[in-house]
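User: Could you walk me through how the labels on this model were assigned? I'd like to see the reasoning behind each one.

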Amino acid sequence: MTAQDKIKDTVTTNDVVLFMKGTKSMPQCGFSSRVAGVLNFMGVEFADVNVLADDDIRQGIKDYSDWPTIPQLYVKGEFVGGCDIITEMTLSGELDTLFSESGVAYDKDAAEKIREANS
């Protein structure tokens with residue numbers, strides 16, 4: 001199975017996937033930590049893929065999405081964005097809308113707390 005096949009399989013068999021440096025319980029960079037922290041705080045169940053553990057996946061995900069940076073968030077097989085985009089979507093409420101429309105469970109009160117803390 002090629003890296004592209006593994007990536008496609010991962011993003012299509014999990015509702016929410018975060019390709020990141022490190023893991024959701026031990027992020028290895030600030031950007032990955034921020035996105036994983038938002039998802040964890042909001043109670044979103046997500047698969048984490050540590051790109052540092054596999055160079056083929058690390059480069060492969062950049063090719064797959066045509067996006068040069070990590071982390072990368074996928075919801076229902078669709079690329080959503082990296083750290084800056086996820087931060088903006090969280091603060092604007094767009095991430096709530098995406099999760100609601102995609103049938104992804106999340107804690108609405110936690111999402112509001114994030115917005116309140118950053119207003």
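Analyst: Happy to. Let's begin with packing: contact means heavy atoms within 4.5 Å. Keep in mind as we go that this is a predicted model.

User: With that cut-off, what do the buried residues of α3 pack against?

Analyst: They pack against α1 (3–13), β1 (16–20), β2 (47–50), β3 (72–75) and β4 (78–81). The buried residues of α3, which spans residues 55–65, are Ile 57, Gly 60, Ile 61 and Ser 65.

User: How do you know that these buried residues line one face of the helix?

Analyst: Looking down the axis of α3, the buried residues fall within an arc of 110°, so they line one face. It helps to recall that an α-helix has 3.6 residues a turn, so residues three or four places apart point the same way. On the other side of α3, Asp 55, Asp 56 and Asp 63 are exposed.

User: What makes the pair of atoms at the start of α3 a polar contact?

Analyst: The cut-off for a pair of N or O atoms is 3.5 Å. A side-chain oxygen of Asp 54 comes to within 2.9 Å of the backbone nitrogen of Asp 56, so the pair meets that distance limit.

User: And at the other end, why is Asp 66 called exposed?

Analyst: Exposed means over 50% relative accessible area. Asp 66 has 68%, so the label exposed applies. Asp 66 follows α3 and lies in the loop between α3 and β3. Its phi is near 60°, a positive value in a residue other than glycine.

User: Why is Lys 76 called partly exposed?

Analyst: Partly exposed covers the range between the buried limit of 20% and the exposed limit of 50%. Lys 76 has 43% relative accessibility, so it belongs in that range. Lys 76 sits in the loop between β3 and β4, and its phi, near 50°, is also positive in a residue other than glycine.

User: How do you know that Cys 29 is in no disulfide?

Analyst: A disulfide needs two cysteine sulfur atoms within 2.5 Å. A search of the whole structure finds zero disulfides. For Cys 29, the nearest cysteine sulfur is that of Cys 83, 7.9 Å away, so the pair does not qualify.

User: Why are Cys 29 and Cys 83 called buried?

Analyst: Buried means under 20% relative accessible area. Cys 29 is at 18%, so it counts as buried; Cys 83, at 6%, counts as buried too.

Key
Residues are numbered from 1 along each chain as its sequence is written. This is a predicted model: local features need pLDDT of at least 70, side-chain atom pairs count only at pLDDT 80 or more; totals for chains, interfaces and linings use all residues. Side-chain values use heavy atoms; hydrogens and water are left out. Buried means under 20% relative accessible area, exposed over 50%, partly exposed in between (1.4 Å probe, protein chains only). Helices (H or I, at least four residues) and strands (E, at least two) are DSSP runs, numbered from the N terminus. The arc is that of the directions from the helix axis to the C-beta atoms. A polar contact is a pair of N or O atoms within 3.5 Å; within protein, one must be able to donate a hydrogen and the other to accept it, and residues adjacent in sequence count only if both atoms are side-chain atoms.
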